[in-house]
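Please open the structure in your viewer, switch to a cartoon representation, and keep the selection panel at hand. The stops below go from the whole chain to single residues and then to a pair of helices.

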Amino acid sequence: MPLNVQDKKAIVADVGAQLAGAQTVVLAEYRGIPVEQLTKLRASARDQGVYLRVLKNTLARRAAQGTQFEPLADSMVGPLIYGISVDPIASAKVLQNFAKTQDKLVITAGLYNGKLLDVAGVKSLASIPSRDELLSQLLGVMLAPVSAMARVLGAVAAQKAEGAPAPVAAPVAEVAAAPVEIVAEAAAPEASAEPAAAAPEAGTETPQTPAAE
């Protein structure tokens, strides 16, 4: 059904509002993709905060006029789906991940931070860890010394409770992460339960070990 003038104005206004706050736009051809697959792509985009929409290129060009995304106008050719995101990585990541499983989705161009991106540029942008992934990695790094210290403390406690010899020394990275006093305690052997044998009195003979024949 053809769009009337009011519909076109509404679409241009909606897309223009999305572009005003966006950092990245990615274009991809979607020719031949089943409707149910596109529905899954849209759901994934929503989950990642990506505005995803099939647009008439004339309307997309009109919406991009006067924005940082105007240089994309020459790339707006063919049946395209537009991924627009405030997050600099999200739109590239959503479309690139979908393209890995659906070869009929073909990324054609993108723009980030005022710079045009070719296909390789979009893929490189998509490979950057997201904010959540970076936070997860940072948390892992921060918790590593705590885990090492906990293992050292656990070994010391088990040694004291069982009266067993000291466990094998912890890896260097773990020992370095533990406080000096804890490492010293774990490394030092416990004092013997029995007193040392008394030295023989002067004048007494001590048995001698026979020399090997």
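With the whole chain selected and coloured by secondary structure, the cartoon shows eight helices and five strands, where helices (H or I, at least four residues) and strands (E, at least two) are DSSP runs numbered from the N terminus. Along the sequence these elements follow the pattern α-β-α-β-α-β-α-β-β-α-α-α-α. The model is a predicted one, in which local features need pLDDT of at least 70 and side-chain atom pairs count only at pLDDT 80 or more, while totals for chains, interfaces and linings use all residues. Residues are numbered from 1 along each chain as its sequence is written, and side-chain values use heavy atoms, with hydrogens and water left out.

Colouring by accessibility next, one finds that buried residues make up 29% of the 213 residues in the protein; buried means under 20% relative accessible area, exposed over 50% and partly exposed in between, with a 1.4 Å probe and protein chains only. Of the contacts between residues at least 6 apart in sequence, 78% join residues at least 24 apart, a contact being heavy atoms within 4.5 Å.

**The sheet**

Now select the five strands, which form an open sheet in the order β2-β3-β1-β4-β5 with antiparallel pairing; two strands pair if DSSP finds at least two bridges between them. At the edges lie β2 (50-55) and β5 (115-117), each of which pairs on one side only. From one strand to the next the twist averages 15°. Helix α1 (residues 5-20) packs on the sheet and touches β1 (24-29), β2 and β3 (80-85), and its direction makes about 145° with that of β2; axes are lines fitted to C-alpha atoms, for helices over the stretch in contact, and angles run from 0 to 180 degrees between N-to-C directions.

Select β1 alone, and note that this strand is mostly covered, with five of its six residues buried. β1 pairs in the antiparallel sense with β3 over six bridges, and the antiparallel pairing of β1 with β4 likewise runs over six bridges. On the β4 side, L27 stands opposite A109.

**T24 and S85**

Which residue of β3 is the bridge partner of T24? It is S85, so both side chains are worth displaying as sticks, beginning with T24, which counts as buried at 0% relative accessibility. A polar atom of the T24 side chain lies 2.7 Å from the backbone oxygen of P88. Beyond neighbours within four places in sequence, T24 is in contact with residues including F69, D87, S91, L111 and L125.

Moving across to S85, you will find a residue that also counts as buried, at 2% relative accessibility. Its side chain reaches the backbone oxygen of D87 at 2.6 Å, and the side chain of S85 makes a polar contact with the side chain of S91 at 3.1 Å. Here a polar contact is a pair of N or O atoms within 3.5 Å; within protein, one must be able to donate a hydrogen and the other to accept it, and residues adjacent in sequence count only if both atoms are side-chain atoms.

**The β4-β5 edge**

Next select residues 106-112, which are strand β4, together with β5; the two strands pair in the antiparallel sense over three bridges. Within this pairing, L116 in β5 is the bridge partner of L111. L116 is in contact with P71, L72, G110 and L111, leaving aside neighbours within four places in sequence. The C-alpha atoms of L116 and V25 are separated by 9.7 Å, although these residues are 91 residues apart along the chain.

In the loop between β4 and β5, select N113, which has a positive phi of about 55° although it is not a glycine. N113 is exposed, with a relative accessible area of 54%.

**Two crossing helices**

Finally, select helix α4 (residues 90-101) and helix α5 (residues 119-127), whose axes come within 8 Å and cross at roughly 105°. That makes α4 roughly perpendicular to α5, on a scale where angles under 35 degrees count as roughly parallel, over 145 as roughly antiparallel, 65 to 115 as roughly perpendicular and the rest as oblique. To see the contact itself, display A92, K93 and Q96 of α4 with V122, K123, L125, A126 and S127 of α5. These residues divide into four nonpolar, two polar and two charged, where Ala, Val, Leu, Ile, Met, Phe, Trp, Tyr, Cys and Pro count as nonpolar, Asp, Glu, Lys and Arg as charged, and the others, Gly among them, as polar.
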